[in-house]
Amino acid sequence: MKTEALYFAVRNTKLLVGAGIILVLLGIGVIGPFFIDKPPTEYVGMQMQPPGGEYWLGTNTFGQDLWAQFVHGLRTTFLVGALGGGIAAVIGMVVGFLAGYKGGWIDEILNMLTNIVLVLPTLAVLFILNAYIGVRSAGMQALFIGLTQWPWAARSIRAQTFSLRGRDFVDLARLSGVGSGRIIMREIAPNMSSYLLLTFILLFGGSILIASSLDFIGLGPTDAVSLGLMLQQAHQWSAMHLGLWWWFVPPGAGITLIVGALYVANVGLDEVFNPKLREL
Amino acid sequence: MRRYFGRKLLIYGLTFFMAVTVNWLVPRLMPGDPVASMLARARVAQPEAQEALRVYYNNLFGFDLPWWQQYLNSWGSLFRGDFGISLWAFPTPVADLLTRAVPYSLALLIPSILLSWVVGNRLGALAARRKVLDNTVLPVSYVLTATPYLWLAALMAWGFGVVWGIFPVAGGYSFSMTPSLTWAFLVDLFWHWLLPFASLFLVALGGWAIGMRNVIIYELESDYANYMSALGAPQKLIRRYAFRNAVLPQITGLALQLGVLVAGALVTEIVFSYPGLGSLILAAIQNKDFFLLQGAFLFIVLGVLIANFIIDVVYVIVDPRTRVGMAGAAA
């Protein structure tokens, strides 16, 4: 099974292209800051320089190096995406497994809660939370995003658990006196591990998009530079009207590339795990 | 059907109840004295306004009352349509500001949501199982759906507005005009509306096309499709049946996507300085106008709930199974 998945994985162009783009950008975000000795917000030189040899992505109206901001921004964006997506995936799994496996009134309550959070417009809730509580670090931002993003994951995991619950091997485990927690961890979760991975990837991408909206509206972290914050500053200081396209094109392209690559890799992975979708 | 609507309405009622509770609770979780910090953070210059606000806040929060009474009072003022007074646009009531902004937001949201849904579904249905179309529509759709709303809006404003100068890049209408029911004004209004609408439409389009393509492929592999082609039914007919079945999950998807679409519209409005709720929220955040922010929040929640209910009604009309209570959308 493992080797079979690997066999199809290395032959799946969608997965390879998607994963390749993500790895390159992740590499830039992780390693890049070590090659930039100045903090990304420092005023390094000439203002409003177009991209060139010295400043790869040019400088903004304050004379800040946009490449340095981009590199640090990639790091924050990946961090918020992974953390926010991770938290949402964990909550979604706990709620989904519990509701789907336990059934009965636990299911009723959790399902009701899921549906409530599902119809609440996430971003509006985040506005209120961030504005009042004053989320000012990337970690807090990710936490709040995770806390509001989980419902659809919980819903689909619940449905999957529901269909696995009645299988013979689960009944057998229950007959031999294994506890619910162990059954979920040992019998149910491994049977939908590929599905859980896909869910996490989608949540990862979604968190990045939500974070960029939050940053743009002025509720981003103050202790870090992110791609969304770059867009916010570019808009605030009218980069559009000044013709400083190198201020707002690269960060948006970065977000689009990351999220797009995640989605494409997701489709590729789906084809790897699901024999029905494979193109032979 | 009764059960279906009962369950839905219960969820919406609970959601609204939760939203109001969060709205009431969060300011009370804010560290320190909320009234003092609000006054300090509100950039109000006139001393009379300051004093009026202090009295107003103390009355409004009623901090000397027991908490349950404060909570009930907040519901009372909500039902009277009293959202408080804006600090940013003092002394305009928040409700007035919001009702002035909502038509602009709706004018962007409703056409872009409906059109992107219809066109996206058609496009996805066309692309499914057709090599050439699939290889063009699908990649484009993935790029569109991964694009942040605000970035496409910024690109379009820059390209069409600044570089080519065809479209205006800011406002709901030209500053030289006063709102009136003349042709010149309506044309101006339309011209300002077009770019924000187009960027919202495009980003939303991708997701619907991808979703529809996937569902159609699934439907074309189902037993009834195989059976029909075994009987020799024309491919066109089979596709039509598949489309009708595939529309159902897309309607559910529309309900699930509403929050994301509204969020997209808010940031798009900010990029174009379009005078809708998004720009109000930005002003509220920049000026620490918490009443305005909370009012906008409740408006958005209420709007999304109403839209959800409309979609539920549409679902019942479209899918007869929900009417007889056989199956249908999960609550």
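**Salt bridges and the contact between two chains**

In this predicted model, the side chains of E271(A) and K14(A) form a salt bridge, with 2.8 Å from N to O. This pair connects distant parts of the chain. E271(A) belongs to helix α13 (residues 245-273) of chain A, while K14(A) belongs to helix α2 (residues 13-31) of chain A, and the two are 257 residues apart. The surroundings of the two partners can also be described. E271(A) has a relative accessible area of 11% and is therefore buried, since buried means under 20%. K14(A), with a relative accessible area of 26%, is partly exposed.

A further salt bridge joins the side chains of R158(A) and D107(A), at 2.7 Å from N to O. R158(A) lies in helix α7 (residues 151-165) of chain A and D107(A) in helix α4 (residues 104-119) of chain A, so this pair ties together parts that are 51 residues apart in sequence. D107(A) is buried, because its relative accessibility is 9%.

Helix α4 of chain A also holds E108(A), whose side chain meets that of R7(B) in a salt bridge of 3.9 Å, N to O. Why does this pair join two chains? E108(A) is located in helix α4 of chain A, whereas R7(B) is located in helix α1 (residues 2-29) of chain B, so the salt bridge joins two chains. E108(A) is partly exposed, with a relative accessible area of 43%. R7(B) counts as buried, at 19% relative accessibility. Over all chains, the count of salt bridges comes to 7.

The interface itself may now be considered. The size of an interface is often given as the accessible area lost when the parts come together. Chain A and chain B bury about 4300 Å² between them, and 79% of this area is on carbon and sulfur atoms. The contact involves 43 residues from chain A and 48 residues from chain B. Across this interface there is 1 salt bridge, and 4 residue pairs are in polar contact.

Which elements give two or more residues to the side of chain A that touches chain B? They are α4, α5 (122-133), α10 (193-216), α11 (227-236), α12 (239-242) and α13 of chain A. The largest share, 12 residues, comes from α13(A); helix α13 of chain A is also where E271(A) is found. By residue type, the side of chain A that touches chain B comprises 30 nonpolar, 11 polar and 2 charged residues.

Methods
Residues are numbered from 1 along each chain as its sequence is written. Chains are lettered from A and ligands numbered from 1 in the order in which they are written. This is a predicted model: local features need pLDDT of at least 70, side-chain atom pairs count only at pLDDT 80 or more; totals for chains, interfaces and linings use all residues. Side-chain values use heavy atoms; hydrogens and water are left out. A salt bridge is a side-chain nitrogen of Lys or Arg within 4 Å of a carboxyl oxygen of Asp or Glu. Helices (H or I, at least four residues) and strands (E, at least two) are DSSP runs, numbered from the N terminus. Buried means under 20% relative accessible area, exposed over 50%, partly exposed in between (1.4 Å probe, protein chains only). Contact means heavy atoms within 4.5 Å. Buried area is the accessible area (1.4 Å probe) that two parts lose on being put together, summed over both. A polar contact is a pair of N or O atoms within 3.5 Å; within protein, one must be able to donate a hydrogen and the other to accept it, and residues adjacent in sequence count only if both atoms are side-chain atoms. Ala, Val, Leu, Ile, Met, Phe, Trp, Tyr, Cys and Pro count as nonpolar, Asp, Glu, Lys and Arg as charged, and the others, Gly among them, as polar.
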